[in-house]
Amino acid sequence: MPGTAKKYGLPKGLPRKTESICPECGKILETELYDKNGSVYAKKTCPEHGEFDSMIWSDTELYLGVEQYAMDGIGIINESDPDCGENNVSIRIDDRDFDLNTSTILCNIDLTNRCNMTCPICFAEANSSGYVYEPDYDTVVKMLEMLRAQKPVKCTAVQFSGGEPTIHPRFFDIVKKAKELKFAQVQVATNGLEFRDLEFCKKASEAGLNTLYLSFDGVSDDVYIQARARKMFHVKQQVLDNLRKLEKKPSVVLVPTVVKGMNDKQIGDIIKFAFDNSDIVRGVNYQPVSFTGRITSEELERGRFTIPDLVREFGEQTGWTKKSDWYPVPVVAPISNFASLLMGENKATFTVHPHCGIATYLYRDDNGVVTPITRFVDVNKFINGLNEISEKLDKARFKKLYLVKVVKLMSSCIIDEELPEGLTRKDLAGLIKAVFSDKSKETLAKFSWKMMFVGGMHFQDAYNYDIQRVQRCAIHYATPDMKVIPFCAYNSGPEYRVNVEKKYSVPLDEWKAKHKEEAKALEQALIVPEDQRPDQ
């Protein structure tokens, strides 16, 4: 039988202990989580660098409330990694090894650290390293094959990132190979500049690209001038217009990096823009900025924007949601558990730490009225009922019969008086059937054009680092030495990114000498076009 995610208990209430790291030296430090004026703070003391006392969630009630959904996954076996073999994958932090508990839900592969922009808020610090990291086609293929060979759950979603991945010389070939290897989701994290070219869009679509994770910081150019040092709003619109012209249209997820005082007051405008373009945009994934480098505690507290801040601002700016409409990522783990048991094979299960992210789904009816799905579906009743069904399903002989039980459960969880206009019980029952059938894409597509995913994922930095979160990370990086590394460990804390890139890079001057045409093209790309230059 397939393995399934299991609930685990976090210590009740605050204060309590966890483990973090020193922002200066990276040593593991015992850390106290405690409440201060309704917010959650993390206090830690390094013998060498002193005390760090940082606010990590601005709402203690929400912080504790999401913990009821905590679930542990079934780990990762990566036989391509000689340090892992048949053992569970682990991550080393300050000379200690920590097992990873969550399978790879989405894996990033950095195709290059080169970029056609120089954004002030880039966490990858592209263009400033003095070397070029750019795995060749064969190396990328090996990384893809490694991901598809993972056990007990094959990785089914890959996102090409960077730098700007679209400037890799074999970008289309890499996308095509990923589809040949049967990745269900092939994504690219992009600034969109290359997608201004309709021919580029066509080639990406023909290669099999499913989704653009499009950086999207706001709906006015003053935001882009701060975040990206150029006007970009019209570029984003042009990308969407080009995608609309394609026969086979990749979907788009808008990805705003939220910085307090820069674009946090455009959170509502961004989701409204998404709905206005819902023929091509399927979701918005807000990402509160992570801090790098040493800053004062006053600067940190003044600039920190946390998941509860997103929940509050979203509700205030749209009037669509309240705090109870938002759920942490692992709330959907019971659905994957049920699917694993029903189909007799391990499925990707979102056993992410409950403090990593939060989300809701919004439904917009034909009159433009927006309603969170949590208003017309009793989420807790459905999840608890599904867990009970799964316990019986585990020992059942005729498993397909249990799908009927789930449809009945969904029917009992629908709140009729809250159903949006035009949406029926039959629609929702059909949706559940579709999730567990071969006809899911057609049914889900018909339903999803009126739905909008809204999420917030707060990646860690050295100040809010929690090793328990790293262990339960589901967004990983693949590296040329066939390892998988959690996102937050790759980009902060021990900062594996720097070590990996240096190991598999060539000096910038050496690369330029070998790739004169590409170097010249990049230099041209970095010249800001007239229509993107800030007004003087």
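Two strands are taken to pair if DSSP finds at least two bridges between them, and in the predicted model described here strands S4 and S5 form a hairpin with 3 residues between them. The two arms of this hairpin run antiparallel and are joined by 7 bridges, among which Lys44 has Phe52 of S5 as its bridge partner.

The hairpin belongs to an open sheet of 4 strands, arranged in the order S2-S3-S4-S5 with antiparallel pairing. Strand S2 (16-21) and strand S5 (50-57) occupy the edges of this sheet, and because each has a single partner strand, one side of each is left without a neighbour in the sheet. From one strand to the next, the twist averages 35 degrees. Within the sheet, strand S3 (residues 28-36) is paired with strand S4 (residues 39-46) in the antiparallel sense, over 6 bridges, and here Glu32 stands opposite Lys43 in S4. S4 is thus described by two sets of bridges, those with S3 and those with S5. In general, the strands of a sheet pair through backbone hydrogen bonds, either parallel or antiparallel.

Turning to helix packing, helix H10 (residues 333-343) packs with helix H12 (residues 379-393) at an angle of about 25 degrees, the axes of the two helices being 9 Å apart. Because angles under 35 degrees count as roughly parallel, this angle makes H10 roughly parallel to H12. The crossing in which H10 passes H12 is left-handed. On the side of H10, the contact is made by Pro334, Ile335, Phe338, Leu341 and Leu342, whereas H12 contributes Phe382, Ile383, Leu386, Asn387, Ile389, Ser390 and Leu393. Divided by residue class, the contact of H10 with H12 comprises 10 nonpolar and 2 polar residues, with no charged residue taking part.

At the level of the whole chain, the secondary structure comes to 20 helices and 23 strands. The radius of gyration of the chain is 23 Å, close to the 24 Å that the globule rule gives for 536 residues, and the chain is therefore as compact as a globular protein of that length. Along its principal axes, the C-alpha trace of the chain spans about 65 × 60 × 50 Å.

Terms used
Residues numbered from 1 in each chain as written. Predicted model: local features only at pLDDT ≥ 70, side-chain atom pairs only at ≥ 80, totals over all residues. Heavy atoms only, no water. Axes fitted to C-alpha atoms, helices over the stretch in contact; angles between N-to-C directions. Parallel < 35°, antiparallel > 145°, perpendicular 65-115°, else oblique. Left-handed = near helix turned anticlockwise from the far one by under 90°. Contact = heavy atoms within 4.5 Å. Nonpolar A, V, L, I, M, F, W, Y, C, P; charged D, E, K, R; others polar. Rg over C-alpha atoms; globule rule 2.2 N^0.38 Å.
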